Amino acid sequence: MKAMVLEAVGSPLRPVDRPDPVALSGQLMLRVEACAVCRTDLHVCDGDLSEPKLPLIPGHEIVGVVEAVGEGVPTSRVGQRVGVPWLGHTCGCCSFCRSKEENLCDQPQFTGYTRDGGFATHVAADADYAFVLDQQADPVALAPLLCAGLIGWRSLKKAGDGSRIGLYGFGAAAHIIAQVCRWQGREIYAFSRPGDTAAQLFALDLGAAWAGGSDESPPVLLDAAIIFAPVGELVPAALRAVRKGGRVVCGGIHMSDLPAMPYALIWGERSIVSVANLTRADAEEFFPVAHKAGVRTHTTVYPLVDANRALEDIRLGRVTGAAVLTP
């Protein structure tokens with residue numbers, strides 16, 4: 001197989017040829033059709049997330065076709081199109097797994113971080129964490145749903161049922177969840193990097209009621225805000241933007257440190273919560289919702305060998321929607 005490999009944190013990915021992976025017990029081996037590029041991949045490559053498996057094939061928004069199965073997996077799965085997300089394995093026996101909070105598992109494995117991911121032509125994955133996808137759909141369009149969509153959905157659930165939702169960082173996750181919110185009849189208030197008029201116009205095109213820079217105040221108080229940008233300084237800004245009793249959800253795996261802030265910002269029963277990973281139940285809920293809502297992902301496609309360029313474009317904010325690699 002061909003793959004893009006991280007050999008040292010902070011270094012560019014290197015193209016390599018390797019033997020195809022083998023499906024071990026409980027696993028599938030996939031031929032990768034598409035793998036979206038997530039900001040978390042950037043955090044892994046840059047060292048913001050410590051102790052990745054090295055050498056490592058990044059990528060955790062994988063769409064592929066099952067070519068082989070390991071012991072204990074029905075052969076009927078061969079030929080299925082499946083999606084593989086960030087959370088790639090859980091222990092099944094810790095207190096969190098037993099209480100249906102597998103996203104908080106004490107001994108997890110993460111696709112494209114602690115195990116090889118989808119910046120490759122083939123990948124092995126746990127059968128229990130490979131979700132069956134529409135065989136007729138475009139794999140490029142599906143790929144961003146495997147993280148941007150799932151984490152966005154979990155973040156939206158944490159935000160509650162309020163009608164006015166702020167989205168800080170209008171990228172891959174926000175552009176998906178904005179469409180879900182509009183289908184649900186909610187109002188979206190979109191915040192981008194100051195001066196990023198392209199992202200603001202993109203949000204307005206997707207039905208946002210208002211779009212502006214993260215240094216601006218929305219025209220109304222919000223019921224909740226979700227922060228997808230990995231910028232801790234946005235937390236006080238979001239708290240100022242929500243009403244009493246409102247909630248700020250931090251939807252990223254990594255975020256820069258939160259600044260000191262006055263207690264008055266959370267007084268009035270405002271709250272801050274984080275989102276960690278995902279559960280299989282999230283996928284069972286989200287994919288039908290995305291279908292009913294008519295979610296259309298906006299993608300920029302790169303060949304696999306251009307993975308470094310895709311990462312750099314995300315770093316510099318040059319991608320509208322989601323970046324996707326194709327072998």
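**Exercise 1. A stacked pair**

Are tryptophan 86 and phenylalanine 110 buried or exposed? Work this out in the predicted model, then classify the ring pair they make and say which parts of the chain it joins.

*Solution.*
- Step 1: start with burial. Tryptophan 86 and phenylalanine 110 are both buried.
- Step 2: look at the geometry. The ring centres of tryptophan 86 and phenylalanine 110 sit 4.8 Å apart with the planes at 20 degrees, so this pair is stacked. The cut-off you need here is that planes under 30 degrees apart count as stacked.
- Step 3: place the partners. Tryptophan 86 belongs to the loop between strand 5 (81–84) and strand 6 (87–89), while phenylalanine 110 is in strand 7 (residues 109–110), so the pair ties together parts 24 residues apart in sequence.

**Exercise 2. Another stack, and a cluster**

Do the same for tyrosine 168 and phenylalanine 191, then go looking for a ring cluster.

*Solution.*
- Step 1: the rings of tyrosine 168 and phenylalanine 191 are 3.9 Å apart, centre to centre, with 5 degrees between the planes, and the pair is stacked.
- Step 2: tyrosine 168 comes from strand 10 (residues 164–168) and phenylalanine 191 from strand 11, so to speak two distant parts of the chain, 23 residues apart, get linked.
- Step 3: check burial against the cut-off of under 20%. Tyrosine 168 has 1% relative accessibility, so it counts as buried. Phenylalanine 191 is at 0%, so it counts as buried too.
- Step 4: now the wider picture. The structure has 9 aromatic pairs, and ring pairs join Phe131, Trp153, Phe286 and Phe287 into a cluster.

**Exercise 3. Two pockets**

Describe the largest pocket and the second largest pocket: volume, lining and residue classes.

*Solution.*
- Step 1: the largest pocket has a volume of about 920 Å³. Its lining is made of 42 residues, and those nearest the centre are Arg39, Gly169, Gly171, Phe228 and Ala229.
- Step 2: find the contributors. Among the elements giving two or more residues to this lining are helix 1 (39–46), helix 4 (148–159), helix 5 (172–184) and strand 11 (187–192).
- Step 3: sort by class. The lining of the largest pocket splits into 24 nonpolar, 12 polar and 6 charged residues.
- Step 4: move on to the second largest pocket, which holds about 320 Å³ of space. It is lined by 15 residues, with Ala137, Leu142, Leu145, Phe287 and His291 nearest its centre.
- Step 5: helix 3 (139–142) and helix 8 (280–292) each supply at least two residues of that lining. Helix 8 gives the most, with 3 residues.
- Step 6: the classes in the second largest pocket's lining are 9 nonpolar, 3 polar and 3 charged.

**Exercise 4. One face of a helix**

Which residues of helix 9 are buried, and why do they line one face of the helix?

*Solution.*
- Step 1: the buried residues in helix 9 are Ala307, Ala310, Leu311, Asp313 and Ile314.
- Step 2: looking down the axis of helix 9, these buried residues fall within an arc of 160 degrees, so they line one face.
- Step 3: recall the general rule. An α-helix has 3.6 residues a turn, so residues three or four places apart point the same way.
- Step 4: see what covers them. The cover for the buried residues of helix 9 includes strand 1 (2–5), strand 3 (27–37), helix 1, strand 16 (299–303) and strand 17.
- Step 5: check what comes next. Glycine 317 follows helix 9, with a positive phi near 70 degrees.

**Exercise 5. Backbone oddities in two loops**

Inspect the loop between helix 1 and strand 4, then the loop between strand 14 and strand 15.

*Solution.*
- Step 1: in the loop between helix 1 and strand 4 (61–69) you'll find proline 55. A cis peptide bond joins leucine 54 to proline 55, with omega about -5 degrees.
- Step 2: that loop between helix 1 and strand 4 also has glutamate 51. Glutamate 51 isn't a glycine, yet its phi is positive, about 60 degrees. At 72% relative accessibility, glutamate 51 counts as exposed.
- Step 3: switch loops. Glutamate 269 lies between strand 14 and strand 15, and this non-glycine has a positive phi of about 60 degrees. Glutamate 269 is exposed, with a relative accessible area of 72%.
- Step 4: tryptophan 267 is in the loop between strand 14 (242–250) and strand 15 (271–274). Its relative accessibility is 54%, so tryptophan 267 counts as exposed, given that exposed means over 50%.

Notes:
Residues are numbered from 1 along each chain as its sequence is written. This is a predicted model: local features need pLDDT of at least 70, side-chain atom pairs count only at pLDDT 80 or more; totals for chains, interfaces and linings use all residues. Side-chain values use heavy atoms; hydrogens and water are left out. On a 1 Å grid over the protein atoms alone, a cavity is a set of points where a 1.4 Å probe fits but cannot get out, and a pocket is an open set with protein on both sides within 12 Å along at least five of seven lines; lining residues have an atom within 4 Å of a point. Grid points are joined across faces, edges and corners, and a volume is the space filled by probe spheres set on the points. Helices (H or I, at least four residues) and strands (E, at least two) are DSSP runs, numbered from the N terminus. Ala, Val, Leu, Ile, Met, Phe, Trp, Tyr, Cys and Pro count as nonpolar, Asp, Glu, Lys and Arg as charged, and the others, Gly among them, as polar. Rings of Phe, Tyr and Trp (its six-membered ring) pair if their centres lie within 6.5 Å; planes under 30 degrees apart count as stacked, over 60 as edge-to-face and the rest as tilted. Buried means under 20% relative accessible area, exposed over 50%, partly exposed in between (1.4 Å probe, protein chains only). The arc is that of the directions from the helix axis to the C-beta atoms. Contact means heavy atoms within 4.5 Å.
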